[in-house]
Amino acid sequence: MAKQSEQERLLALSARDRVFWTQDGVILAGMDEVGRGPLAGPVVVACVVMQPEPLLMYVNDSKKVSEKRREALYDRIMETCIEAQTAWVDQTVIDEINILEATRLAFNTAFSKMQTPITDVMIDALTGLSIPARQHILIHGDALSYSIAAASIVAKVERDRYMRGQDAIYPQYGFAQNKGYGTKSHMDAIREFGPCPLHRRTFIKNLL
């Protein structure tokens with residue numbers, strides 16, 4: 001079987017989006033989050049309205065894209081999209097209301113910042129948002145929708161940039177490498193040095 005070309009992959013990834021793009025009066029956004037699982041730092045949600053054409057080469061689930069390519073794609077998405085907004089909910093709020101509610105809050109806030117009159121939103125997995133648009137839930141949506149994939153890249157690049165900046169303030173935890181996720185070296189550092197203000201206390205209580 002011949003290897004799928006990048007253009008063919010993009011056409012397949014955008015097939016669900018195209019159903020909305022071809023309808024009069026419909027404006028589609030993709031939404032995704034990054035940072036539900038880490039032991040430290042914020043959860044970040046992006047809401048993005050992409051142009052139907054041209055499809056940007058290499059847009060994909062952010063986990064499948066190298067850091068260098070994600071950075072370049074972030075700039076292209078921000079230059080060419082109709083609109084993109086992000087919302088951040090930090091570790092103190094996550095500890096107060098739990099990660100699921102913090103994630104919902106970030107989704108609702110990101111949507112509320114949009115100036116574009118969005119009618120439909122494709123969302124990766126999360127249900128029950130308080131937004132005035134039709135919600136279309138896709139499990140593993142960042143691998144199934146072009147719009148969600150673009151949102152996943154925007155959210156991940158912004159969060160990763162932030163965590164690299166925090167590495168300069170708290171170098172002992174290796175945030176530039178682990179981005180706050182629970183790697184062995186990160187957990188060992190928490191045990192050795194204790195938590196910093198960036199850590200989610202409800203996530204690390206078993207380590208302390």
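D61 is buried in this predicted model, with a relative accessible area of 5%. The residue sits in the loop between β2 and α3. Setting aside neighbours within four places in sequence, D61 is in contact with D142, A143, A149 and S152.

**Salt bridges**

D142 also takes part in a salt bridge, and its partner is K63. The closest N and O atoms of the two are 3.0 Å apart. This pair links distant parts of the chain, since K63 belongs to the loop between β2 and α3 and D142 to the loop between β5 (134-138) and α6, 79 residues apart. The two partners differ in accessibility: K63 is exposed, with a relative accessible area of 62%, whereas D142 is buried at 5%.

A second long-range pair is D160 with R70. D160 lies in helix α6 and R70 in helix α3, 90 residues apart in the chain. Both D160 and R70 are buried. D160 forms a salt bridge with K156 as well. K156 and D160 are 4 residues apart in helix α6, so about one helical turn separates them. K156 counts as buried because its relative accessibility is 14%, under the 20% limit. For D160 the relative accessible area is 3%, and this residue is buried too. Elsewhere, salt bridges that share partners join E67, E71, D75, R161, R164 and K179 into one network. The count of salt bridges comes to 15; the table gives those described one by one here.

| Salt bridge | Closest N and O atoms |
|---|---|
| K63 with D142 | 3.0 Å |
| D160 with R70 | 3.5 Å |
| K156 with D160 | 3.2 Å |

**Helix α3**

Helix α3 covers residues 67-80. At 1.5 Å a residue, its 14 residues should span 20 Å, and the end C-alpha atoms are 20 Å apart, which agrees. The buried residues of α3 are R70, L73, Y74 and I77. Seen down the axis of α3, these buried residues fall within an arc of 115 degrees, so they line one face of the helix. An α-helix has 3.6 residues a turn, so residues three or four places apart point the same way. The buried residues of α3 pack against β2 (43-49) and α6 (146-169). On the face turned away from the buried side, α3 carries the exposed residues K68 and E79.

**The sheet and the helices on it**

β2 is part of an open sheet of 5 strands, arranged in the order β3-β2-β1-β4-β5 with mixed pairing. β3 (83-89) and β5 are the edge strands, each pairing on one side only. From one strand to the next, the twist averages 20 degrees. β2 and β3 run antiparallel and are joined by 7 bridges. V43 stands opposite V89 in β3.

Helix α5 (residues 99-112) packs on the sheet, where it touches β1 (28-34), β2, β3 and β4 (120-124). The direction of α5 makes about 30 degrees with that of β2. α6 packs on the sheet as well, touching β1, β2, β3, β4 and β5. The angle between the directions of α6 and β1 is about 35 degrees. Helix α6 thus has contacts on the sheet, packs against the buried residues of α3, and holds D160, the salt-bridge partner of R70 in α3.

Terms used
Residues are numbered from 1 along each chain as its sequence is written. This is a predicted model: local features need pLDDT of at least 70, side-chain atom pairs count only at pLDDT 80 or more; totals for chains, interfaces and linings use all residues. Side-chain values use heavy atoms; hydrogens and water are left out. Helices (H or I, at least four residues) and strands (E, at least two) are DSSP runs, numbered from the N terminus. The expected span of a helix is 1.5 Å times one less than its number of residues. Buried means under 20% relative accessible area, exposed over 50%, partly exposed in between (1.4 Å probe, protein chains only). The arc is that of the directions from the helix axis to the C-beta atoms. Contact means heavy atoms within 4.5 Å. A salt bridge is a side-chain nitrogen of Lys or Arg within 4 Å of a carboxyl oxygen of Asp or Glu. Two strands pair if DSSP finds at least two bridges between them. Axes are lines fitted to C-alpha atoms, for helices over the stretch in contact, and angles run from 0 to 180 degrees between N-to-C directions.
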